[in-house]
Amino acid sequence: MTASGARRAPVGTRDVLYPESSRWEAVVAGFAATVERAGYGLVISPMFEDVSVFSRGMGEKADVVAKEMYVFEDRGGRSLALRPEGTASIVRAFVQHRPPLPWKAWYATAAFRYERPQAGRFRQHHQLGVEVLGSADADLDVEVIDLAVTFLVSVGLDDFELRINSMGDPVCAPVYVETLRKYLESRLGELCDEHRQRALVSPLRVLDCKKEACRSATAGAPALLDVACAECKQHFGRVESGLRALAIPARVDARLVRGFDYYTRTTFELSSPGLDVAQNALGGGGRYDGLVEVLGGPATPGIGFGIGLERLLLACDAARRSAPSPVGASGRSAGPPPAVFVVDVAGGEAARDLTHALRAARIPSDRAFDERSLKSQMRMADRSGARLALIVGADEAAAGTVSVRALRREGDSAGGDDLQRVVGRSDVVGYVQEVLGS
RNA sequence: GUGACCGUAGCUCAGUUGGUUAGAGCGCCAGGUUGUGGCCCUGGAGGUCGGGGGUUCAAGUCCCCUCGGUCACCCCA
């Protein structure tokens, strides 16, 4: 609660502590399962790159590049940047290693952008994504979108909206931009204050302006698909029919304009209408057939998507599905509940040896430290969520035995005499295995 | 970068028109039961009232600045 800097995480960042962190693990594991089933391999690339990887890839004038990157100079004078998104790094890795095509990669990484934080937006956020390099097939677009959708469904989120659009290619995109510019030129007066200035510089941006003025002014604006070249139209048509064949509901949205320069042809965005905050885009992606060349590689088509982990979790909460639920709900301690808690009031040696032996036998176990009282240790055993307490007092220590006590969980009856029994030290691990197994 | 609202124990909050040593619940620790957890009872620890400056006999309460939080714009995940 104190505001001084050194005591808290930097602005826009957060710590994810235990029960919550287990949800993250579960979501990442679910993502890995979904995409690995489709042949995607995990790629771990550096968290920072030469700035040019991002500035050239995403476009110098993209807001993210122009004013949101964490740029720094290292001790050797190199100009580096913390990654603001996932795609450019993966493409750079592709250019460097030139793996066999098609190259299917997935990643789970932090991304950094210097922005004012708000609901669902952080300076460090986390993305799960895939990239495929080496195929221009529209069926691949369908596969990639299918994976994103399948993943959302797998975490229990079925209340989302998929919007798709095409950005055209180097042939028809410029034609479209010019067409749109002319359309806007005749309606400058109708636009919002901000876009009245910039409409002619970046016409596309006007399309996704939220202000009513811009929205009505562009309601009848030409769509890229109206003026797209035959190849792009055909490509888009195949993506649409592919999605339809897989029963993936998608809405064609001519206003969908994604922020990075590298997109060509198919773009898509997944949003959560149920998320009652301004930032409800869960993820998005698209094709980037020119990016590899921009980053110094051979002409190679590519496509991918990224999904924001924080927003995904927010959406799950909003949908009242705790989706991947915290694993340790039963315990109240700082970590995952053990199966066994060793209570030792005879010096601690038994606790030391027993936890070691139990863990060697793959039985999760914990203990108290600092020679706490019996009462205190029993309370810790109870709160840990363990099913059994192994009690070693003076008597047991002298006799070479352990008292194994069943910790009654909620819903148990008053309990009888079979709650506790004495077992020889050398038989304890086997006995515990037996009890836990039944 | 812009704007609005908000900062009192680990957490959720109370704190009357500015007025003695700042409170509660939960959590934590200990004891009640000198070998037994949960429930209950009792006690305890824990607060630079975000920080700095100002007004005042007196500031957690009022004013300014600053830092932080939250939400929104911009843009995006």
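Hi everyone, let me begin with a definition: a polar contact here is a pair of N or O atoms within 3.5 Å, and within protein one atom must be able to donate a hydrogen and the other to accept it, while residues adjacent in sequence count only if both atoms are side-chain atoms. One such pair joins the side chain of R383 to a phosphate oxygen of RNA strand B, at 2.8 Å.

A quick word on the source: this is a predicted model, where local features need pLDDT of at least 70, side-chain atom pairs count only at pLDDT 80 or more, and totals for chains, interfaces and linings use all residues. Side-chain values use heavy atoms, with hydrogens and water left out, residues are numbered from 1 along each chain as its sequence is written, and chains are lettered from A and ligands numbered from 1 in the order in which they are written.

Now, the bases. The R116 side chain has an N or O atom 2.8 Å from a base oxygen of RNA strand B, and Q279 places a polar side-chain atom 2.8 Å from a base nitrogen.

How many residues surround RNA strand B? There are 52, with R113, R121, A281, D395 and R408 the closest; near means a heavy atom within 4 Å. Of the strand's atoms within 4 Å of the protein, sugar and phosphate make up 49%.

Which element gives the most to this surface? That is α15, with seven residues; helices (H or I, at least four residues) and strands (E, at least two) are DSSP runs, numbered from the N terminus. Elements supplying at least two residues include β6 (124–133) and β10 (281–287).

Thanks, all!
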